[in-house]
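Me: Hi! Could you walk me through this one? I'd like to start with the ligand.

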Amino acid sequence: METKTTTPLLTPYKMGDFNLAHRVVLAPLTRCRSYGNIAQPHNALYYAQRAAPGVLLIAEACAVSEAARGYPHVPGLWSQEQVEAWRPVVDAVHAKGAVFFCQLWHTGRVSPTEFQPNGQAPVSSTDKQVPPEVAHDGSVLEFAPPRRLETEEIPHIVNDFRVAARNAMRAGFDGVEIHAGNGYLIDQFMKDGVNDRTDEYGGGLDNRCRFAAEVIAAVCHEAGAGRVGVRLSPFADYVDCVDSDPEALALHVMGVMNGLGVLYCHMIEPRMCVNEWMIPRRLLPFRKAFKGTFMVNGGYDREEGDKAVAEGYADLVAYGRLFLANPDLPERFRRNAVLNKYDRSTFYTSDPVVGYTDYPFLETED
Ligand SMILES: Cc1cc2nc3c(=O)[nH]c(=O)nc-3n(C[C@H](O)[C@H](O)[C@H](O)COP(=O)(O)O)c2cc1C
C-alpha cells in the first residue's frame, strides 16, 4: 500500500525570488527532439507533463550558436525563430505554475564536423582531439580535430552566451543555467588536462577560469544574477576533461559566482565518475563555500535525496533519468509509489512520442 509522507525533500524552499513547492528539480536532459534546432509542440507537451505548481524545471541544453551544437536536433537560442518557437513551450510550463530555467551550452570540441557550419573544425581551448567514444548504443562516436580559438575570438563566444541568455529571457524563461561541466567548452577552458594555452586564457587557475568568469558575468549582466545558475562537474572526466586539482578549481569558480551573486550552483556528484564514488559528501566544501542555493545531482533516489536535504548537504536535488521516466516524480515521491523504469534506448532518439511523452502517470488519487 502507498503511504503519504512529507519528508525533507518535499518541504518548500525559497530560492531567491522563486517560491518552490519542494526540493525535487528536473535536471537538464538533451532529448534530440527539436527538429532543425527549433522547439516543437511535442517539446511543450513533454515539459508540461513534468510541470506542477512550484516545481523547478531546467530545460535541456540549448546551443548558443550554430557552431555550439554537437548532437542532432538539439534546440538553439541564437535566432528570432528559435525564440518564437520556445514561447509556447514556456507558456505551457507556466500555465501549470512551474518555474522554468533554460540551460545554455557550447559543446566546443565535443562535436562531429557534420554539425559545424560549412564543415569547419569545432573550436576549443586546444587543438588536442577528443578520443573516440563508445555511445550508449555501442556505436563509436568520432570527433573532429578541433581548432584552437584565437585570443581575440573568445569575446565573440562570450557574446554568443550573452545573446542566448537575452533570447531565453525574451522567450519567457524565468532564468538560465550556464552549462560549465561535463567536458564541454567552458570545462575545456577550466581543466588543466585539456587547456594547454599560453595566453591569458591558459596556465594558472585565474587564467583557465577567465572564460568561465567572463561568460558568467556577461550572462548575469543580461539576465540579472538572481536569475542565473551555473552547472559544474569538477570531478568528472567525460571526454578526457580532467583537472589535477578539482577542489581548488571549483572553489575558484565559486568565488567568482559569490562575487556576482549567482542564484544557484548546480553540482554533479563525483560518484558519477568511476574512481571517486567511494568518498561520501565530497561536495561539502563547495556547499559551505557557496552563498546561494546549492543543488546536487547524480544517482539520487528518494531516500538519498531526503538524506542530503535533511543533513543540510544540499538545498535542492536534481533528478535526471528518474524524472525523464516519471513525469509526476515529486508526486510519486510523496506517495512513495513505484517508479517507471527508464528506457535508455530512447534517450536520444527523435520520435516525438515513444520514450518521450508516453511514460505513464500514476492513477489519480480517490
Ligand atoms: C538522456 C540524458 C540527457 C542529458 N542531457 C544533459 C544536458 O543537456 N545537460 C546537462 O548538463 N546534463 C545532461 N545530462 C546529465 C543529467 O543532467 C544528469 O546529470 C545525469 O542524468 C545524472 O543524474 P541522474 O542520476 O539523476 O540521472 C543528460 C543525461 C541523460 C541521461
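Reply: Happy to, and one definition comes first: a polar contact is a pair of N or O atoms within 3.5 Å; within protein, one must be able to donate a hydrogen and the other to accept it, and residues adjacent in sequence count only if both atoms are side-chain atoms. With that in hand, a polar side-chain atom of Thr30 lies 2.6 Å from an oxygen atom of the ligand.

Me: Good. Before we go on, what sort of model is this, and how are things counted?

Reply: This is a predicted model, where local features need pLDDT of at least 70 and side-chain atom pairs count only at pLDDT 80 or more, while totals for chains, interfaces and linings use all residues. Residues are numbered from 1 along each chain as its sequence is written, and side-chain values use heavy atoms, with hydrogens and water left out.

Me: And what is the mean pLDDT of the chain?

Reply: The mean is 94, and 95% of the residues reach 70 or more. pLDDT is the predictor's confidence in each residue, from 0 to 100.

Me: Where is confidence lowest, and where is it highest?

Reply: Strand 7 (residues 133-134) has the lowest confidence, at a mean of 79, and strand 10 (residues 175-179) the highest, at 99. Helices (H or I, at least four residues) and strands (E, at least two) are DSSP runs, numbered from the N terminus. Where pLDDT is low, the predicted coordinates should not be read in detail.

Me: OK, back to the ligand. Which residues come nearest?

Reply: Thr30, Arg231, Asn297, Gly299 and Arg321 come nearest, out of 18 residues around the ligand. A residue is near a molecule or strand if one of its heavy atoms lies within 4 Å of it.

Me: What about Gln103 and Arg321, how do they meet the ligand?

Reply: Gln103 has a polar side-chain atom 2.8 Å from a nitrogen atom of the ligand. For Arg321, an N or O atom in the side chain is 2.6 Å from an oxygen atom of the ligand. The protein covers 90% of the 610 Å² of accessible area that the ligand has on its own. Those areas come from the Shrake-Rupley method with a 1.4 Å probe; for residues, only the protein chains shown count as cover.

Me: Let's switch to aromatics. How many pairs are there?

Reply: A search of the whole structure finds 16 aromatic pairs. Rings of Phe, Tyr and Trp (its six-membered ring) pair if their centres lie within 6.5 Å; planes under 30 degrees apart count as stacked, over 60 as edge-to-face and the rest as tilted.

Me: Can you give me an example?

Reply: Sure. Phe101 and Tyr264 have ring centres 5.7 Å apart and planes at 50°, so this pair is tilted. Phe101 lies in strand 5 (residues 99-105) and Tyr264 in strand 12 (residues 264-268), so the pair ties together parts that are 163 residues apart in sequence.

Me: Are those two buried or exposed?

Reply: Both Phe101 and Tyr264 are buried. Buried means under 20% relative accessible area, exposed over 50%, partly exposed in between (1.4 Å probe, protein chains only).

Me: And why does Tyr319 with Phe333 count as edge-to-face?

Reply: Because their planes are at 65°, with the ring centres 5.2 Å apart. Tyr319 lies in strand 14 (residues 316-319) and Phe333 in helix 11 (residues 329-334), so the pair ties together parts 14 residues apart in sequence. Tyr319 is buried, and so is Phe333.

Me: Which residues do ring pairs link into a cluster?

Reply: Tyr46, Tyr47, Trp86, Phe100, Phe173 and Tyr356.

Me: New topic, loops. Which phi values are positive?

Reply: Asn118 is one of them, with phi near 55°; Asn118 is in the loop between strand 5 and strand 6 (123-124). Val239 is another residue other than glycine with a positive phi, near 40°, in the loop between strand 11 (228-232) and helix 7 (246-260). Most residues other than glycine have a negative phi, and most peptide bonds are trans.

Me: How accessible is each of them?

Reply: Asn118 is exposed, with a relative accessible area of 73%, whereas Val239 is buried at 7%.

Me: Last one: what does the side chain of Asp328 contact?

Reply: A polar atom of that side chain lies 2.7 Å from the backbone nitrogen of Leu362. Asp328 sits in the loop between helix 10 (321-325) and helix 11, and is buried, with a relative accessible area of 11%.
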